[in-house]
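Thanks for sending this one over. Here are my notes as numbered points, to be read with the model open beside them.

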Amino acid sequence: MIKAIKFSSYLEALAQEIRRSRSGEKSRLKLLASGARRLEAVGFRELLVEDVCRDADLAKGTFYIYFESKEMFLRALLSQYVEFERNTYPPFSPARSAYRGVHDWVSWYEGTFAANAGILRCMIEMGATDAAAEACWHRRNQSIVERALEVLLRRLEKAPAARETELLRAAIRAGGSMMDQSLFERYRIQVGTGMKEVSNAGLMIDLHALLLYRVLYGSDPSSAEVGRVRPLVALRWRAS
């Protein structure tokens, strides 16, 4: 399974790379890291500037040097998160089988979602009333779909026609929506109480990888590759 990275840890690492203790960018990154960390525990409406500054060990006045308001702070945080996902997308390896490539993608997507559910919850819930947050959500999804499509096209024997490319893009979106619905329920990004957390996240990754592979390739992968969901591949159905 691909190791997931917390966005807050990523921002802290960027801040640590800046050697000057009084660097403005260093302070800004520390505030963003604090905000990402706080969103793991509270909703965006409950997020307080005072708590963000206390967690970052910075004065409240420092916050307003870089951000006009909490809303502008959250918009900057969400926008930077989209870039974070782009920078951590798993690389394409032609040595991996088609199924292992799909599995790598699902493992990265679901692991990253689980590690950063707080900020994704903020993006979705804030996006219901804030156009900038909504745009971040759509930009994030579009970026992921296009990267997945780029990798998929490399596996084709010849370049597809425009209509075929659009169908592949739609298939990736459909498969992604399937995973999103499962993730939304698990991490309470919805109206309601959410589902009980699954005890084996790896099993869900294997299941979603199999289903997404079926969507994209129209067949089953080798049973030797699918691990815990091998019984599904082994099923044989009657014709009638």
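1. Let me start with Leu-235, which is partly exposed in this predicted model. The relative accessible area of Leu-235 is 39%, so this residue falls between the 20% limit for buried and the 50% limit for exposed. Leu-235 sits in the segment that follows helix H11 (230-234). Together with Leu-232 and Trp-237, Leu-235 makes up a nonpolar patch on the surface. The accessible area of the three residues together is about 360 Å².

2. A word on the overall frame. The protein chain holds 11 helices and zero strands, and read from the N terminus its elements run α-α-α-α-α-α-α-α-α-α-α. The C-alpha trace spans about 70 × 40 × 30 Å along its principal axes. Of the 240 residues in the chain, 44% count as buried.

3. Now to the open spaces. How much volume does the largest pocket have? The value comes to about 310 Å³. This pocket is lined by 20 residues, and those closest to its centre are Tyr-89, Gly-101, Val-102, Trp-105 and Val-151. At least two lining residues come from each of helix H6 (98-115), H8 and helix H10 (201-217). H6 supplies the largest share, with five residues. By class, the lining of the largest pocket has 15 nonpolar, two polar and three charged residues.

4. The second largest pocket holds about 180 Å³ of space. Its lining includes the aromatic-ring residues Trp-105, Tyr-109 and Trp-137, and Arg-140, Asn-141, Ile-144 and Val-145 also belong to it. Further along the chain, Ile-172, Arg-173, Gly-176, Ser-177 and Asp-180 complete the list. H6, H8 and helix H9 (162-186) each give at least two residues to this lining. The class count here is six nonpolar, three polar and three charged residues. For your session, note that Trp-105 is on the lining of the second largest pocket and is also among the residues closest to the centre of the largest pocket.

5. Next, the enclosed spaces. Rolling a probe the size of a water molecule over the atoms reveals where empty space remains. How many cavities of 30 Å³ or more does the count give? It gives two.

6. The largest cavity contains about 50 Å³ of space. Val-82, Glu-85, Arg-86 and Tyr-89 are part of its lining, as are Trp-108, Arg-140, Ser-143, Ile-144 and Arg-147. Helix H5 (70-88) and helix H8 (131-154) are the elements that give two or more residues to this lining. H8 accounts for the largest share, four residues. In terms of class, the lining of the largest cavity has four nonpolar, one polar and four charged residues. Arg-140 and Ile-144 are listed in this lining and in that of the second largest pocket, which makes them handy residues to select in your viewer.

7. About 40 Å³ of space lies in the second largest cavity. Which residues line the second largest cavity? They are Phe-7, Ser-8, Ala-36, Glu-40, Ala-115, Asn-116, Ala-117, Gly-118 and Ile-119. The elements giving two or more residues are helix H1 (7-16) and helix H7 (117-126), and H7 gives the most, with three. This lining divides into five nonpolar, three polar and one charged residues.

8. Two backbone angles belong on your list as well. Asp-57 has a phi near 60°, a positive value in a residue other than glycine. Asp-57 lies in the loop between helix H3 (49-56) and helix H4 (60-66). Is Asp-57 buried or exposed? With a relative accessible area of 66%, Asp-57 is exposed, because the cut-off for that class is over 50%.

9. Arg-188 is the other entry: its phi is also near 60°, again positive in a residue other than glycine. Arg-188 is found in the loop between H9 and H10. Its relative accessible area is 51%, so Arg-188 counts as exposed.

Conventions: Residues are numbered from 1 along each chain as its sequence is written. This is a predicted model: local features need pLDDT of at least 70, side-chain atom pairs count only at pLDDT 80 or more; totals for chains, interfaces and linings use all residues. Side-chain values use heavy atoms; hydrogens and water are left out. On a 1 Å grid over the protein atoms alone, a cavity is a set of points where a 1.4 Å probe fits but cannot get out, and a pocket is an open set with protein on both sides within 12 Å along at least five of seven lines; lining residues have an atom within 4 Å of a point. Grid points are joined across faces, edges and corners, and a volume is the space filled by probe spheres set on the points. Ala, Val, Leu, Ile, Met, Phe, Trp, Tyr, Cys and Pro count as nonpolar, Asp, Glu, Lys and Arg as charged, and the others, Gly among them, as polar. Patches are made of residues with over 30% relative accessible area and no salt bridge: like charges are joined within 9 Å, nonpolar side chains (Val, Leu, Ile, Met, Phe, Trp, Tyr) within 5 Å. Accessible areas come from the Shrake-Rupley method with a 1.4 Å probe; for residues, only the protein chains shown count as cover. A salt bridge is a side-chain nitrogen of Lys or Arg within 4 Å of a carboxyl oxygen of Asp or Glu. Buried means under 20% relative accessible area, exposed over 50%, partly exposed in between (1.4 Å probe, protein chains only).
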